[in-house]
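Visitor: Please put the structure up, and let's go through it piece by piece.

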Amino acid sequence: MGNPKAFLNIARKEAGYRPVHDRIHDFGEVEQTLNTKDRQEQASRCMDCGVPFCHWACPLGNKNPEWNDALYRGDWEQAYKLLKKTNDFPEFTGRVCPALCEKSCVLNLTMNEPVTNRENEAAIAERAYNEGYVTIDIPERNGRKVAVIGGGPSGLAAANQLNQMGYEVTVFDKNEAAGGLLRYGIPNFKLNKEIIDRRIAVMMKEGIHFVYNIVCDEEKLAAMDFSGAMEPLSGFDAYVLSTGTPTARDLDIPGRKLKGVHLALELLSQQNRVLAGMEFGQDERVTAKDKDVLVIGGGDTGSDCIGTSHRQGARSVTQIEIMPKPPVGSNPATPWPNWPIVLKTTSSHEEGCTRRWNINTLEFIGEDGKLTGVKVQPIEWKPNPEGGRPLMVEAGPIEIIKAEIVFLAMGFLKPQHPVFPDNVFVTGDAASGASLVVRAIAGGRKTAEEINLYFENK
């Protein structure tokens with residue numbers, strides 16, 4: 001490494017966020033960037049640690065020490081070349097990845113100051129576009145065609161890899177543009193959609209075809225456009241099913257049908273479409289403007305609902321979680337190499353939010369068909385004497401949280417698939433259940449390898 005002792009005298013420095021009073025008035029990306037000197041200094045903290053656990057922790061196997069060293073030396077082009085060998089879309093993961101590599105960094109395990117891998121990755125990707133390191137590579141075709149059904153991160157990664165292997169690839173998507181949850185689930189303040197459009201433009205120039213507004217019947221391998229005609233997806237030698245986890249986990253309790261109770265993606269996807277120029281009628285619009293908001297679910301999707309509600313002009317925002325509050329900083333119950341279950345405070349939480357844990361939701365209440373509040377109760381989790389899942393017990397009186405709008409952010413159900421022919425491959429969240437963008441990309445890359453091996457063995 002260029003500076004194996006930098007970690008001794010250079011502290012971790014993050015770019016940080018735009019000021020709250022500024023960012024809550026728009027949907028621009030909240031994260032700032034470091035100048036070139038500071039960024040290269042941060043890369044220099046990646047030492048020659050002998051056993052780089054970051055390789056193991058990253059689902060993509062990113063070679064962080066190698067491209068951090070190139071970045072430290074100022075060779076941004078080499079850094080990008082090393083990065084793109086393992087990651088098709090570093091501009092996505094550099095913005096929205098929870099950075100499993102940083103949780104595994106030796107500097108995190110010893111001094112709680114990991115290398116800023118995620119930010120470094122984003123900086124490398126942006127420099128690559130700005131300096132022209134992102135080139136158009138059109139491969140020689142091998143005569144085989146592959147249909148990719150679903151244009152989320154796993155489908156895009158599979159398409160990108162297969163295209164470079166010489167396959168003619170067509171991506172079919174039910175939406176008006178590709179990206180999946182990158183486009184319709186993650187808010188613009190975390191991932192500007194121009195970043196997705198920029199990558200799709202490169203993929204199209206490299207020969208990948210995109211067909212939108214097509215609903216596919218995966219069991220019949222058929223597609224339907226808005227004319228209602230269902231036609232077989234014929235003419236393809238293999239199929240990739242990358243349809244994600246389309247069914248959100250719901251909350252079937254009294255009052256669920258009241259106006260004002262929404263699944264999280266009803267808010268997030270519509271808001272992203274509004275920012276893209278789509279118009280919705282007043283009765284269709286899902287908005288938190290001038291309302292008391294309750295978000296049920298403590299994960300990233302819930303956090304995204306909080307940030308979106310602030311930008312829409314919410315009166316107040318409360319988030320409740322049925323599980324206990326995680327400890328701050330470190331958690332002895334989840335030691336290395338487990339993922340650390342610790343309290344996460346996002347940029348959206350910093351913008352203002354009442355957070356509560358160990359809260360069970362009992363009933364949605366309302367007047368004249370409209371939501372006015374939510375009946376909840378504090379609970380505790382006790383060990384199950386018979387083993388297995390802990391027992392939920394009442395721990396306080398029932399209360400009502402005032403709310404005119406509720407967003408259910410409780411995750412997604414793993415889809416069930418029939419037995420497919422041997423030339424059909426399921427990938428990403430459609431195969432594993434809801435997971436991380438970085439795992440979806442890794443799944444798409446693996447599926448591309450499996451398809452290539454399938455044809456090599458035919």
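Guide: One term before we start: a salt bridge is a side-chain nitrogen of Lys or Arg within 4 Å of a carboxyl oxygen of Asp or Glu. Keep in mind that this is a predicted model, where local features need pLDDT of at least 70, side-chain atom pairs count only at pLDDT 80 or more, and totals for chains, interfaces and linings use all residues. Residues are numbered from 1 along each chain as its sequence is written, and side-chain values use heavy atoms, with hydrogens and water left out.

Visitor: K190 and D304 meet in a salt bridge, so how many residues apart in sequence are the parts this pair ties together?

Guide: Their side chains come to 3.0 Å, N to O. K190 is in the loop between α12 (181-184) and α13 (193-205), while D304 is in helix α15 (residues 300-312), so the parts they tie together are separated in sequence by 114 residues. Helices (H or I, at least four residues) and strands (E, at least two) are DSSP runs, numbered from the N terminus. The separation to remember for this pair, then, is 114 residues.

Visitor: Is D304 buried or exposed?

Guide: The cut-offs are under 20% relative accessible area for buried, over 50% for exposed, and partly exposed in between (1.4 Å probe, protein chains only). Its partner K190, at 26%, is partly exposed. D304 has just 4% relative accessible area, so it counts as buried.

Visitor: Which residue does E102 meet in a salt bridge?

Guide: The contact is 3.2 Å, N to O, and the partner is R12. E102 sits in helix α8 (residues 100-104) and R12 in the loop between α1 (6-9) and α2 (20-23), so the bridge joins parts 90 residues apart in sequence. At 7% relative accessible area E102 is buried. With 23%, the partly exposed partner is R12.

Visitor: And which residue forms a salt bridge with D38?

Guide: The closest N and O atoms are 2.8 Å apart, with K13 as the partner. This links distant parts of the chain, 25 residues apart: D38 in helix α3 (residues 36-44) and K13 in the loop between α1 and α2. D38 is buried at 14%, whereas at 39% the partly exposed partner is K13.

Visitor: How many salt bridges does the structure hold?

Guide: Some of them join up: R23, R311, E350 and E351 are linked in a network. For the structure, the count of salt bridges is 30.

Visitor: On to the rings: what is the angle between the planes of F236 and Y239?

Guide: Rings of Phe, Tyr and Trp (its six-membered ring) pair if their centres lie within 6.5 Å, with planes under 30 degrees apart counted as stacked, over 60 as edge-to-face and the rest as tilted. The structure holds 10 such aromatic pairs. In the edge-to-face pair of F236 and Y239, the centres are 6.0 Å apart and the angle between the planes is 65 degrees.

Visitor: Which residue lies over the face of W76?

Guide: A charge sits over a ring if NZ of Lys or CZ of Arg is within 6 Å of the ring centre and within 35 degrees of the ring normal. One case has the charged end of R198 over the ring of Y129, 3.6 Å from its centre. Over W76, at 4.0 Å from the ring centre, lies R127.

Visitor: Why does C49 have no bond to C54?

Guide: A disulfide is a pair of cysteine sulfur atoms within 2.5 Å, and the structure holds zero of them. C353 is too far for a bond as well, because its closest cysteine sulfur, in C305, is 11 Å away. For C49, the closest cysteine sulfur is that of C54, and it is too far for a bond because the distance is 6.3 Å.

Visitor: Which residue is joined to W336 by a cis peptide bond?

Guide: In general, most residues other than glycine have a negative phi, and most peptide bonds are trans. Here omega is about 10 degrees, and the cis bond joins W336 to P337. In the loop between β10 (316-320) and α16 (347-350) you'll find P337.

Visitor: What is the phi of N112?

Guide: N112 sits in the loop between α9 and α10 (117-131) and counts as exposed, at 63% relative accessibility. It isn't a glycine, yet its phi is positive, at about 60 degrees.
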